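Reader: I have a model open at my desk and would like to understand the labels people put on it. Could you take me through them?

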Amino acid sequence: MKILKRTFVFPLLFISLVCLWSCGPSGLNTKKIVSKYSESIVKILLLDSVQENIKKGSGYLGRGSGFFVTEDGYIFTNRHVVDMCVKGYIDYDYKDNSGKTRSNLTTYSKDIVNDKNLVKAYHTGYTTPIIQVYHGTNEDDYKLYVAEVVAIGMGAFDGAILKVVSDVDGNPVDEKFTAIPIGNSDDLQQGEPLCVYGFPQQFQGDKELMMLDMSTLSIGIMSGFDYVFNKDYGYIKTDAEIHGGNSGGPVFDENNEVIGIATAKGVETNIGLVGGINGMYFIAASTIELQERLKKKGLKPPKRSFSINTTSGEKLPIKTVSQINAIVNSRKKPVTPKYNYSSYTQNYKNAKVYFSTISPKDNNNTLPPASKRYSSFKFYKAKGGKIWVYVDNSTQKLNTSQVKVYVYKKVYTSYIRQKTLSYNTTGSWKNMYFPFTFYEAGSYKMMAYSKEGKYIGTGYFSTSLIPD
């Protein structure tokens, strides 16, 4: 099994320190922001517990930033930070434009599965947001919490809302968090000072280094608006450098209120792009009670909002690795074995392949009668299903020293070969049989051939799960 060794971070806005302002009582005050809201800024770690149980540290697949907006644990962040919690993820190999095989781990999508350049899938699954909250100035002064995705943007605005549900041990959380005051992004003016606060990635590495990245506070200016990358809602531009890990972090205005979420950067100019906080008004609309609470805290609808939509954080269905690789294999041009059919009528015209739940030993050392031959079986997934496969040439000898059985599973309208089984025989045998265990529901066929490549026969059966 291929263990995930990749660590992925999401791009986020991080503004380099380019100038300093003298901060009056009503101006941008970075010391005040740090002293009041350092425990409001959170690091969001994406954990796949399945992979983590396989190998410690391998389940941490990405990270970003966020911030508390209520005392009971609601968090604002970017949609792209937590996409893999809702849409799932896929770890896979693909062919690039030059034909070279490359690896990638990204948010799951049907487009990836249907891409003819997909070579092989290794893992699919969902991540859980782990929230790292610092309460001091040392690298180990933090607590970890488990969150869930409450709402996620489906339109033009890159936003999402999380809610802390427990600590990492599953215990309920009763403490109050420090919420950041919410400003009005539509009141911003070009040239106004801004402050970005979050967790840009300073260290490339595994989970341990990921946990050690401390918060970074930077300042810049509101450089203008951009309606090219997002013509529906637009972005706030800033003279910012972009660094991975800062995505979802808050951007403060000169009133020391959060007016935006650091999101991305321009392609040609590296201008930083910030999503206005007012866009979160519609992301919160999936939970009316929460939206009303945030309105009382100052959250307002944006003046420009053509396609800001929201949905709940419920997980969307994804295909398993087996299903994806079966689709990949079905796209490959099948190789038809060159078997000799010339002696079919003479040697195997009465041969059959059939299935039963009993062996000859369980049937007084005789082949199962027709009443005990079946074409469908039910099983518990955890235990799997065991059947007995019979290759029976009636009154004629098999006349081969080995029987090969090809196992196929039906995928959509085609049967895809899953495995090849080989069993030694003697030329005098008229039949042979063997046990076979399956773990997946579906429709199957088994085709039997002699060692010399002569076709013997085909049998079909289906399997289904017994509810637990």
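**Reading the labels**

Author: Let's start with one pair: Glu440 and Lys409 form a salt bridge, with their closest N and O atoms 2.8 Å apart. This is a predicted model, in which local features need pLDDT of at least 70 and side-chain atom pairs count only at pLDDT 80 or more, while totals for chains, interfaces and linings use all residues. Residues are numbered from 1 along each chain as its sequence is written, and side-chain values use heavy atoms, with hydrogens and water left out.

Reader: Why is the contact between Glu440 and Lys409 called a salt bridge?

Author: The term asks for a side-chain nitrogen of Lys or Arg within 4 Å of a carboxyl oxygen of Asp or Glu. Glu440 and Lys409 have their closest N and O atoms 2.8 Å apart, so the pair qualifies. As background, side chains of opposite charge can pair when their charged atoms come close.

Reader: Where do Glu440 and Lys409 lie along the chain?

Author: Glu440 is in the loop between β24 (431-438) and β25 (442-450), and Lys409 is in strand β22 (residues 402-411), 31 residues apart. Helices (H or I, at least four residues) and strands (E, at least two) are DSSP runs, numbered from the N terminus. The protein has 9 helices and 26 strands.

Reader: What makes Lys409 buried or exposed?

Author: Buried means under 20% relative accessible area, exposed means over 50%, and partly exposed is in between (1.4 Å probe, protein chains only). Lys409 has 16%, so it counts as buried. Its partner Glu440, at 33%, counts as partly exposed. Across the 468 residues of the protein, 49% count as buried.

Reader: How many salt bridges are there by this rule?

Author: The count comes to 9. One of them joins the side chains of Glu71 and Lys297 at 3.3 Å, N to O. This pair links Glu71, in the loop between β3 (60-68) and β4, with Lys297, in the loop between α7 and β18 (310-312), 226 residues apart. Glu71 is partly exposed at 34%, and Lys297 is partly exposed at 31%.

Reader: What makes Arg293 and Asp72 a pair that ties together separate parts of the sequence?

Author: Arg293 lies in helix α7 and Asp72 in the loop between β3 and β4, so their pairing ties together parts 221 residues apart in sequence. The closest N and O atoms of this salt bridge are 3.0 Å apart. Arg293 and Asp72 also belong to a network of salt bridges that includes Glu289.

Reader: Let's turn to rings. Why is the pair of Tyr374 and Phe377 called edge-to-face?

Author: Rings of Phe, Tyr and Trp (its six-membered ring) pair if their centres lie within 6.5 Å; planes under 30 degrees apart count as stacked, over 60 as edge-to-face and the rest as tilted. Tyr374 and Phe377 are 6.3 Å centre to centre with 85° between the planes, so they form an edge-to-face pair. Tyr374 is partly exposed at 35%, whereas Phe377 is buried at 7%.

Reader: What makes the pair of Tyr390 and Tyr433 stacked, edge-to-face or tilted?

Author: Their ring centres are 5.6 Å apart and their planes meet at 35°, so the pair is tilted. Tyr390 lies in strand β21 (residues 385-392) and Tyr433 in strand β24, so the pair ties together parts 43 residues apart in sequence. Tyr390 is buried at 1%, and Tyr433 is partly exposed at 39%.

Reader: How do you know that Arg373 lies over the face of Tyr354?

Author: A charge sits over a ring if NZ of Lys or CZ of Arg is within 6 Å of the ring centre and within 35 degrees of the ring normal. Arg373 lies over the face of Tyr354 at 3.8 Å from the ring centre. The charged end of Lys163 likewise sits over the ring of Tyr74, 5.5 Å from its centre.

Reader: And which residues have the most contacts inside the largest nonpolar core?

Author: They are Phe67, Phe76, Ile161, Ile277 and Met280, in a core of 32 residues. A nonpolar core is a set of buried Ala, Val, Leu, Ile, Met, Phe, Trp, Tyr and Cys residues joined through side-chain atoms within 4.5 Å. The largest share of this core, 3 residues, comes from α6.
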